[in-house]
Amino acid sequence: MTMNNQGRPTTAGISGATLPPTLSGDHGLDHEEKLIFELGRDGMCGVDVPEAPAHTARLGGIERRRKIGLPGLSEPEVVRHYVRLSRNNYAIDTGLYPLGSCTMKHNPRLNEKMARLPGFSDLHPLQPQQTVQGALQLIQELMHWLMELTGMPAVAMSPKAGAHGELCGMLAIKAAIAARAEHRPRVLVPESAHGTNPATAAFAGFRVDQIPATGDGHVNIEALRAKLDTDVAAIMLTNPNTCGLFERRILEVAEAVHQVGAFFYCDGANFNAIAGRVRPGDLGVDAMHINLHKTFSTPHGGGGPGAGPVVLSKALAPFAPLPLLVSDAHGLRLIEDRSALSGDSDPFGRMCAFHGQMGMFVRALSYMLSHGADGIRQASEDAVLSANYVLSSLKDVMTAPFGEGPCMHEALFDDSFLNDTGVTTLDFAKAMIDEGYHPMTMYFPLVVHGAMLIEPTESESKESLDRFVAVLRGLAEEAKAGRLERFAGAPHYAPRQRLDETAAARKPVLRWTETKIAEAAE
Ligand SMILES: *Cc1c(COP(=O)(O)O)cnc(C)c1O
């Protein structure tokens, strides 16, 4: 790539842009890594495969006629390429990850070991069901835990992430409304909702109607009541909400919503703040997704994998999507189509080809069994304690819009402490990278101007929190003292400096071709 030497850190005293073309662009052990397509050579291969015997029409005439352009590299070259790339990454295994609303926490290695047991990892989703009774039993046990922890009578296991779970819950609500032959086109979404909530409601065909927040970051119940009518299908409420606060008037919300015959969808992605302490079923919730990849650990950096089972109330349970797991005299069985249904089951359809993310199921159940109910409660309490520790350790130097009382699992700050310093919120976040930390969530939730949302999680020690707090205090003090060098153009020590995020979003180069790369570099 011709762009390689640009955007390299210049603070080491050598400007990458002025390097003679024969030098590598590497800074010591910090490699300037090319794309694997640029590294590969025609004819190179990591393994020796014997020449295939000549068959005529071996594939019935559907053999490839052209090369597909895979890069050719030796095994050590492939290994080095990916290991070098991995060293450019920030990871939960290299440091605290303060990303609010995403719960990046330690993944106990025990879960990984369990997920790699051949009886789970080598399954094929189309295997005969008699041969996978152990896996079905694991799913059943996980369902039991999820229903117990939430106090809900049913759970759909197939959704593959939080947003997919939201869609599942809203489609169940839509089916329930259709079964009552009602017309309810509107869904209420509080201002403090996670962005996926309005997106899901719109995708499911509803009209989104926003409810304002109160000055202290909670849903405005009076505004909610004013908008409730018999054309409302549901409210989608995030609890704890994205300001890191527990919606204290949630029972009133449930009651008001049910009074007009609407459903209560709760975004339970932040269940890790309340698991073992509060059962959503006791709060009048009708549907709630649980992000197994947040609450019950499991790695999910980089966009996957995840799992978003949805617990359902008695009113919504009949509409749960296929497949349904049942147990009968022959053992456990997945019902895959309507003709095999009994009772009042009336699935709205199905969410995906198979029955969910088996690897995530194994990890989540492993997390649950190794913690026990008491341990899960303790994890929630520790997550809340950590966030409050960060909030109270920083609120004298950073500004906390709702810092009067305690928070739940995340501590929310805004950027007014940077007013008149010449440092922007983005500068501040980027300067954290030079100090060895991934930035917190920026500019979200939208209800707070210049929001900075920090979720330390339960898996950080007090020492690790203290170090993080000290770094943020140091940066805040530098900004206020007018020492701006470290902020301007930060990060200085990362493999890339400020990226053009607008161009990345508007003109993404998603697939390698020689011409596209050349164009992008111009
Ligand atoms: C993470 C999150 C989601 C979306 O979950 P995905 O698994 O990323 O689809 C929805 N709501 C809240 C509050 C979240 O934190």
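Biologist: Which element gives the largest share of the shell around the ligand?

Modeller: In this predicted model, helix H6 does, with 3 residues. H6 spans 162-179, and helix H10, at 292-295, also gives two or more residues to that shell.

Biologist: Which residues come nearest to the ligand?

Modeller: Ser101, Gly162, Asp267, His293 and Lys294, out of the 15 residues around the ligand.

Biologist: What makes the pair between Asp267 and the ligand a polar contact?

Modeller: A nitrogen atom of the ligand is 2.5 Å from an N or O atom in the side chain of Asp267. The cut-off is 3.5 Å between N or O atoms, so the pair counts as a polar contact.

Biologist: How do you know that Ser101 and Asn291 belong in that class?

Modeller: By the same cut-off of 3.5 Å. For Ser101, a backbone N or O atom lies 2.7 Å from an oxygen atom of the ligand. For Asn291, an N or O atom of the side chain is 3.0 Å from a ligand oxygen atom. Both pairs are therefore polar contacts.

Biologist: How much of the ligand does the protein cover?

Modeller: The ligand has 380 Å² of accessible area on its own, and the protein covers 85% of that.

Biologist: How do the residues of the shell divide?

Modeller: Into 3 nonpolar, 9 polar and 3 charged. Gly counts as polar.

Biologist: Why is H12 called oblique to H13?

Modeller: Helix H12 (residues 425-434) and helix H13 (residues 462-480) pack at about 130°, with their axes 11 Å apart. Roughly perpendicular ends at 115 degrees and roughly antiparallel begins over 145, so H12 is oblique to H13. The crossing is right-handed.

Methods
Residues are numbered from 1 along each chain as its sequence is written. This is a predicted model: local features need pLDDT of at least 70, side-chain atom pairs count only at pLDDT 80 or more; totals for chains, interfaces and linings use all residues. Side-chain values use heavy atoms; hydrogens and water are left out. A residue is near a molecule or strand if one of its heavy atoms lies within 4 Å of it. A polar contact is a pair of N or O atoms within 3.5 Å; within protein, one must be able to donate a hydrogen and the other to accept it, and residues adjacent in sequence count only if both atoms are side-chain atoms. Accessible areas come from the Shrake-Rupley method with a 1.4 Å probe; for residues, only the protein chains shown count as cover. Helices (H or I, at least four residues) and strands (E, at least two) are DSSP runs, numbered from the N terminus. Axes are lines fitted to C-alpha atoms, for helices over the stretch in contact, and angles run from 0 to 180 degrees between N-to-C directions. Angles under 35 degrees count as roughly parallel, over 145 as roughly antiparallel, 65 to 115 as roughly perpendicular and the rest as oblique. A crossing is left-handed if the near helix is turned anticlockwise from the far one by less than a right angle, and right-handed if clockwise.
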